[in-house]
Every structure is written in C-alpha cells, then in structure tokens.
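Let's take a walk through a protein chain together. Have the 3D view open and turn it as you read.

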Amino acid sequence: MKDCLFCKIVAGEIPARIVYEDEQVVAFEDVNPQAPEHLLVIPRRHIVSLADAEPEDAALLGHIQCVIAELARARGCAEPGFRVVNNCNADGGQEVGHIHYHVLAGRKMEWPPG
Ligand code: AMP
Ligand code: ZN
C-alpha cells in the first residue's frame, strides 16, 4: 500500500536489517530496540491491524507464529524465553498501520505491561 512504511520495507524502498524473509513474511530489526533482541515480523501483504484479521488470514497469521518460533530457536532466545507483542490500534499503542509482531528477548520481561 502506498505511503505505508512497512510496505516500503517489504518492497525494498526503505532499508531495513532483514533477518528472515519468505514468500509471505519479512522479519527485521526494530530501529528503536526495547530489548537486546527486538525484531518485527510482518506479512508482505498489507493488513492494517489484528483487528482487521479475517478467517482467510488464519494460515498467514499461523505461519507468522511459526516463523517467530523458528527465529527464536535460531537466535538462541527460545530456551531463555522471549515475548511476542502485537500492539493493536490506538489504545494498543500501534503507531505503524501494517500489522506487525514485536519479538523481544535478551532480558527478563516485566508484567504487567505499561
Ligand atoms: P508499533 O508502536 O507497535 O506500531 O511499533 C512500530 C515499531 O516500528 C516501533 O517499535 C518502531 O521502533 C519501529 N520502526 C519504525 N520505523 C522503523 C524502521 N524504518 N525500521 C525498523 N523499525 C521501525
Ligand atoms: Zn503496509
């Protein structure tokens, strides 16, 4: 989608430190990391937020979770643990309107979130 920051990363129009990509998904380092390891995992296809997910998106969203698990294992984050965050819409703290999953690791996470 035009004027979408993450669509531009998918298209290669904006540089990103990409750590994984396949035909459905791209994962890259967050430019403002909130933990020693902070990745963003996004679908190539523009979906605004999790609130817009439809039944036909089930396989894609499931695939994203499997990619997250694979990345966590490959990067040594699985056994110590990690956190997956989806900020959805305004009250959820979403700033970029292209669905994305934060993967945070490398430190002990706190609960509850702010
Ligand atoms: P959210 O608040 O959930 O929408 O998160 C958006 C995330 O995108 C933030 O953690 C930003 O640091 C991150 N971000 C914004 N621009 C870029 C970029 N060009 N490359 C990588 N991460 C970005
Ligand atoms: Zn987009």
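What follows goes from the whole chain to its sheet, then to a few residues, and ends at the metal site.

**The whole chain**

Keep in mind that this is a predicted model. The chain has three helices and five strands. If you trace the chain along its sequence, you meet these elements in the pattern α-β-β-β-α-β-α-β. The radius of gyration comes out at 14 Å, close to the 13 Å that the globule rule gives for 114 residues, so the chain is as compact as a globular protein of that length. Picture a box of roughly 35 × 30 × 30 Å along the principal axes: that is what the C-alpha atoms fill. Of the 114 residues, 35% are buried. There is also plenty of contact between distant parts of the sequence: take the contacts between residues at least 6 apart, and 55% of them join residues at least 24 apart.

**The sheet**

In what order do the five strands of the open sheet sit? The order is E1-E2-E3-E5-E4, and the pairing is antiparallel. Strands E1 (18-21) and E4 (82-85) are at the edges; each has a single partner strand, so one side of each has no neighbour in the sheet. From one strand to the next, the twist averages 20 degrees.

What holds strands like these side by side? Strands of a sheet pair through backbone hydrogen bonds, either parallel or antiparallel.

Now go through some of the pairs. E1 and E2 are joined by a hairpin of three residues, and they pair antiparallel over three bridges. Look for Ile-18 here: its bridge partner in E2 is Phe-28. E2 then pairs with E3, again in the antiparallel sense, over five bridges; in this pair Val-25 stands opposite Pro-43 in E3. Moving on, E3 (residues 37-43) and E5 (residues 101-105) run antiparallel and are joined by five bridges. In that pair, Leu-39 faces Val-103 in E5.

How covered is E2? Four of its five residues are buried, so to speak of it as mostly covered is fair. Helix H2 (residues 58-74) lies across E1, E2 (25-29), E3, E4 and E5. Its direction makes an angle of about 155 degrees with E3.

**Three residues to click on**

Here are two valines from the sheet and an aspartate from a loop.

| Residue | Where it is found | Relative accessible area |
|---|---|---|
| Val-19 | strand E1 | 29%, partly exposed |
| Val-84 | strand E4 | 38%, partly exposed |
| Asp-57 | loop between E3 and H2 | 4%, buried |

Why does Asp-57 count as buried? Buried means under 20% relative accessible area, and Asp-57 has 4%. Leaving out residues up to four places away in sequence, Asp-57 touches Arg-45, Ile-47 and Asp-52.

With sequence neighbours up to four places away left out again, Val-19 touches Ala-27, Phe-28, Glu-29, Leu-39, Leu-71 and Arg-75. Tyr-101 is 82 residues from Val-19 along the chain, and the C-alpha atoms of the two are separated by 14 Å.

Val-84, for its part, is in contact with Ile-68, Tyr-101 and His-102, again setting aside neighbours within four places in sequence. Val-84 and Leu-39 are 45 residues apart in sequence, yet 9.5 Å apart in space from C-alpha to C-alpha.

**The zinc site**

Last stop: the metal. Which protein atoms are the donors of the zinc ion (ligand 2)? They are Cys-4 (SG), Cys-7 (SG), His-46 (ND1) and His-98 (ND1), at 2.0 to 2.3 Å from the ion. The angles among the four donor atoms are 106 to 117 degrees, and the site is tetrahedral. That label fits because four donors count as tetrahedral if all angles lie between 85 and 135 degrees.

Along the chain, the donors follow the spacing C-x2-C-x38-H-x51-H. Are the two cysteines buried or exposed? Cys-4 is buried, at 5% relative accessibility, and Cys-7 is buried too, with a relative accessible area of 11%.

Notes: Residues numbered from 1 in each chain as written. Chains lettered and ligands numbered in written order. Predicted model: local features only at pLDDT ≥ 70, side-chain atom pairs only at ≥ 80, totals over all residues. Heavy atoms only, no water. Donors = N, O, S within 2.8 Å, 3.2 Å for Na, K, Ca; no water. Tetrahedral: all angles 85-135°; square planar, octahedral: opposite > 155°, others 65-115°. Buried < 20%, exposed > 50% of the residue type's maximum accessible area, 1.4 Å probe, protein only. Pairing = 2+ DSSP bridges. Helix = DSSP H or I, 4+ residues; strand = E, 2+ residues; numbered from the N terminus. Axes fitted to C-alpha atoms, helices over the stretch in contact; angles between N-to-C directions. Contact = heavy atoms within 4.5 Å. Rg over C-alpha atoms; globule rule 2.2 N^0.38 Å.
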